[in-house]
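User: Please take a close look at the charged side-chain pairs in this model, and then at the packing around them. One connected account is enough.

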Amino acid sequence: MKLLPLALNVQGRNCVIFGAGAVARRKALSLLECGAQLKVVAPHFAEDWANLQSEKIECINRPYLKGDCKNALLVFACTDDAAVNRQIAAEALQLNILCNVADESEVSDFHSMATLRRGDICIGISTSGGSPALSRHLKEKISETIGPEYESLLELLAVQRETLSQRIDEQSQRAGLWRAVLDSDILNLLRAEKSEEAAELLRSLLSTNDKSQRTVD
């Protein structure tokens, strides 16, 4: 099964989780981190749910009832009853709402990914529900390669991106310059926590390109 990878904006959007076990809690934390408006429906809540209470989350202490999926962008069926999870999935399908069913990839519309974050950089790893353990293993491997220096690099590049777009019209020329930046020593400087030197190198590369452009013109 081929899945379409997406980076979805859930800021302020309604999402519903059914169940309050460990899986449900992990999904709740991820959704809250991304600013979702969350409703959690479960007959029982452990004490560790209390510290999640805020204006962004509503915990409803009862079993699933038909109609609970209404007005949701995403639904997560995480109860410990497979029959109830399938009822939730059926309601979501009827309402054209995407549903993730815990431990049943064949009836899920989407799967949560193992996620590595470095500031605004987000890397998602999916095995299409085949092996969450492998997803976690791959995340650990990637985290060894993509360190916090990439977050610092993105912050530097983002500051210059708009200015560069105004100075260089041709996308191919901008792409070539960014490749030159990434091939430079800038990441090594950031790894060594030499942020000022890294910023100066970036300015130097952009200035050199700007001069060469004026020479060509």
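Analyst: A salt bridge is counted where a side-chain nitrogen of Lys or Arg lies within 4 Å of a carboxyl oxygen of Asp or Glu. The model is predicted. By that criterion, Arg-62 and Asp-68 form a salt bridge through their side chains, with an N to O distance of 2.8 Å. Arg-62 is partly exposed, at 25% relative accessibility, whereas Asp-68 is buried, at 6%. The cut-off for buried is under 20% relative accessible area, and a residue is partly exposed between that value and the exposed range, which is over 50%.

The structure contains seven salt bridges. Another of them joins the side chains of Glu-33 and Arg-117, at 3.7 Å from N to O. This pair links distant parts of the chain, with Glu-33 in helix H1 (residues 22-33) and Arg-117 in strand S6 (residues 114-118), 84 residues apart. Glu-33 has a relative accessibility of 56% and therefore counts as exposed; Arg-117, at 35%, counts as partly exposed.

A further salt bridge runs between the side chains of Glu-106 and Arg-86, at 3.6 Å from N to O. Here too distant parts of the chain are linked: Glu-106 sits in the loop between strand S5 (98-101) and S6, Arg-86 sits in helix H2 (residues 82-94), and the two are 20 residues apart. Glu-106 is exposed, with a relative accessible area of 57%, and Arg-86 is partly exposed, at 41%. Arg-86 also belongs to a salt-bridge network that includes Glu-104 as well as Glu-106.

The nonpolar packing comes next. In soluble globular proteins, nonpolar side chains tend to be buried together. The largest nonpolar core in this model has 19 residues, and the members that touch the most others are Ile-17, Leu-31, Leu-38, Trp-49 and Phe-76. Two or more residues of this core come from each of strand S1 (14-18), H1, strand S2 (37-42) and strand S4 (74-77). H1 is also the helix that holds Glu-33 of the salt bridge to Arg-117.

Among the core residues, Trp-49 is buried, with a relative accessible area of 2%. Leaving aside residues up to four places away in sequence, Trp-49 touches Ala-20, Gly-21, Ala-24, Arg-25, Ala-28, Val-40, Ile-57 and Cys-59. Apart from the largest core there is another, of 15 residues, which includes Ala-72, Val-75, Ile-88 and Ile-97.

Aromatic contacts add to this picture. Three aromatic pairs are found in the whole structure. In one of them, the rings of Phe-18 and Tyr-64 have centres 5.3 Å apart and planes at 90°, so the pair is edge-to-face. Because Phe-18 belongs to strand S1 and Tyr-64 to the loop between strand S3 (57-61) and S4, the pair ties together parts 46 residues apart in sequence. Phe-18 is buried, at 0% relative accessibility, and Tyr-64 also counts as buried, at 15%.

Trp-49 takes part in an aromatic pair as well: its ring centre and that of Phe-45 are 5.6 Å apart, and the planes stand at 80°, so this pair is edge-to-face. Phe-45 is partly exposed, with a relative accessible area of 24%, in contrast to the buried Trp-49.

Technical notes: Residues are numbered from 1 along each chain as its sequence is written. This is a predicted model: local features need pLDDT of at least 70, side-chain atom pairs count only at pLDDT 80 or more; totals for chains, interfaces and linings use all residues. Side-chain values use heavy atoms; hydrogens and water are left out. Helices (H or I, at least four residues) and strands (E, at least two) are DSSP runs, numbered from the N terminus. Buried means under 20% relative accessible area, exposed over 50%, partly exposed in between (1.4 Å probe, protein chains only). A nonpolar core is a set of buried Ala, Val, Leu, Ile, Met, Phe, Trp, Tyr and Cys residues joined through side-chain atoms within 4.5 Å. Contact means heavy atoms within 4.5 Å. Rings of Phe, Tyr and Trp (its six-membered ring) pair if their centres lie within 6.5 Å; planes under 30 degrees apart count as stacked, over 60 as edge-to-face and the rest as tilted.
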